[in-house]
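This report looks at how strands are arranged in a sheet and how one chain is built up around them. Please keep the sequence and the structure in view while reading.

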Amino acid sequence: MKSDIILSGVGGQGILSIAAVVGMAALENHLHLKQAEVHGMSQRGGAVQSHLRISENEIASDLIPLGKADLIISVEPMESLRYLPWLSESGWLVTNTTPFVNIPDYPDMKELLSEIEKLSHHITINSDEIARQVKSPRSSNIVMLGAASPFLDLPYESLEIGIRKIFEKKGERVVQLNIDALNSGRDFALKHTPVSNNL
Amino acid sequence: MEKLLLLGAEAIAQGAIDGGMSGIYAYPGTPSTEITEYVQHNKLATERNLHSQWSTNEKTAMETALGMSYAGKRAMVCMKHVGLNVAADAFINSAITGVNGGLLVTVADDPSMHSSQNEQDSRFFGKFAMIPILEPANQQEAYDMAYEGFELSEKFKLPVLIRITTRLAHSRSGVERREIKKENPLTYPKDPIQFVLLPSNARKRYKGLLGIQSMIEQESENSVYNTYIPGKDKSLGIIVCGIAFNYLKENYQTNKCPHPVLQINQYPLPFSKVEKIVDECEKVLVLEDGYPFVEEQLKGFLNINSKIIGRLNGVVPRDGELNPDIVARALGREVKQGLPVPKVVANRPPELCSGCSHRDIYNALNETMREFGKQKVFSDIGCYTLGALPPWNSINSCVDMGASITMAKGAADAGVRPSIAVIGDSTFTHSGMTALLDCVYENTPVTVIISDNATTAMTGGQASHATGRLEEICVGLGVKSDHVKVLIPLPKYHELMVKTLREEFLYEGVSVIIPRRECIVQSVAKSKKEARAKKEEVAQ
């Protein structure tokens, strides 16, 4: 088993929390893991990404080679496209559709969505909206993780365990809100993914 | 023993704690900050009461760590690569004094300049100081080298440099811990004048340092971190340093690399191992993150070893961080990219946070400068450096910590009026105070804007040594108190800010303007924490 995942978004949108939960889940399953993060200047509202690799076998590189990623999970639609050179032919792109507009030349949403729809394997989800529906507006990132969970080679329960471990310091209420967010993202993905895609 | 999921930076911290460290000294700087922060929050470190408070700058950190080593205890000092420039005086001389307790100098380089002004390679500094250098390839080695590094330092009575790069510092993986060592007892150096670098003594000490060079080279020769891996296809040999080994391995996932490989993770270069691979292979590719440090040594000025290939002959790009694709291309292997990035994707550079106090002072500054003309604002290293970008375009320099004030002084000496410096509170205490004293000494007409957000914001909100005493410091240095003005950078005070800036720009002497408002990130985090604490209180 091997999953090479690129997480993308804008500094401050919580991609490192997604990485932390997946990391915990991987440890839970005694898998090898390497996860390269971006700290420093880009965290101030710039484009950020994290390379997350999990495998049964030892992992060599901290960075995913071009064209080898199995999955891009993006918490922002334009950012999801920035890493296409890394996505493999059979890879999936799972992205939030709520734009984070902090630049004057942010592209037209229709154009962005049409680029995303050109990909043979993609899921678009308004995770900000879903997070609000489950009364956890700050958990849009975890909704995205839920939406991507069918493509992760990890038992779903271990993601819940991961959430518990990462958020337990913040209290049981925060843990439960994030588990709700995870479930709602997963439900959406399962409902909206064509069966023929062999999940 | 238990396995932890750690960043490379954190692995070094844990290795140092378990290896019997008594104190860590540092000034925050990406990508090194997490080493010290890890010690600050570590349970064992807290129980042992290990020193982990921030230092004013890398020089004070280096010297304080040397002082702890003098007293026989094990100490670590850490910094980003450009921080070693600041600490260089103490660093180079610590190789001449030698150490008593083990002393590790951990420096995190930033090839590709993810968060830095340059991509200088600290291995040159290690060679310059003539001390052993360790360069871990992965998180486990980062732990092990910090753990074992103190003993290596004590064996040769020399500081040891641990060199990492951003990628390892900020990448997480499983790390196995080892048995926890005791701290050293307090002991004075055996030789009471070991640390006295008077010329007569320094000459002796320096000869001693030269004398043990062959021994530290022998140590590299025997090091488990310098491994020769045989291979049948000798048309090419590969010398690979630090994290580059992972990229090489990535390219031979299913098959073993057919070429002989020499992994070098400890310096000085192991002579016989290098000689062996160079002798037996037709060509030797050098893969190293950073400058062509090994490659230049092997090639030499006269290029006698023309079989050495790498960054210098373009097989590997001359600048920037390595990755598995660059290494694949250097090996002549195909790189199969995914789809190109669609043209519609726009750049998204970092920016000042919404609600940030620097925004308000830049708005006021820009309006005032409309009267005074362009290109008169010198700035510094911190979040406010983003004021160089649109929509502000407010500042005209960012060179090194503290340079805003001194450059403004030089420009004022040349006749620039007004000559203005914009510096943050933490950068000011790091390296701006001596610069301000130069201005005071000559009463140079400069206006120094210390944009005070009460934290070291860019690196994540570490303590700022200036908090609560900035005016006192400035007056103490000799700035006249009626030219030390404190402002509140909020849109509602915009007119007042513009008025004050104008007045001080016209003053023919040193003035300091302190726009003061807490970093918005810190302030939001604080109120969230307080709200949570309150909720828990109610629940109980």
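In this predicted model, A:I72 stands opposite A:L93, a residue of strand β5 of chain A. The wider pairing here is between strand β4 of chain A, residues 69–74, and strand β5 of chain A, residues 87–96, which run parallel and are joined by five bridges. Strands of a sheet pair through backbone hydrogen bonds, and such pairs may be either parallel or antiparallel.

Both strands belong to an open sheet of eight strands, in the order β6(A)-β5(A)-β4(A)-β1(A)-β3(A)-β2(A)-β7(B)-β1(B), whose pairing is mixed. Which strands stand at the edges of the sheet? They are β6 of chain A, residues 122–125, and β1 of chain B, residues 3–7, and because each has a single partner strand, one side of each is left without a neighbour in the sheet. Neighbouring strands of this sheet are turned against each other by 20 degrees on average, if direction is ignored.

Chain A itself contains seven helices and six strands, and, read from the N terminus, its elements follow the order β-α-β-β-β-α-β-α-β-α-α-α-α. The radius of gyration of chain A is 16 Å, close to the 16 Å that the globule rule gives for 199 residues, so the chain is as compact as a globular protein of that length.

Further values for chain A are listed here.

| Property of chain A | Value |
|---|---|
| Span of the C-alpha trace along its principal axes | about 40 × 40 × 40 Å |
| Buried residues among the 199 residues | 55% |
| Contacts with a separation of 6 or more that join residues 24 or more positions apart | 66% |

Definitions and conventions. Residues are numbered from 1 along each chain as its sequence is written. Chains are lettered from A and ligands numbered from 1 in the order in which they are written. This is a predicted model: local features need pLDDT of at least 70, side-chain atom pairs count only at pLDDT 80 or more; totals for chains, interfaces and linings use all residues. Two strands pair if DSSP finds at least two bridges between them. Helices (H or I, at least four residues) and strands (E, at least two) are DSSP runs, numbered from the N terminus. Axes are lines fitted to C-alpha atoms, for helices over the stretch in contact, and angles run from 0 to 180 degrees between N-to-C directions. The radius of gyration is taken over C-alpha atoms; the globule rule is 2.2 Å times the number of residues to the power 0.38. A residue is buried if 20 or more other C-beta atoms lie within 10 Å of its own, exposed if 12 or fewer, and partly exposed in between; C-beta atoms are placed from the backbone. Two residues are in contact if their C-beta atoms, placed from the backbone, lie within 7 Å.
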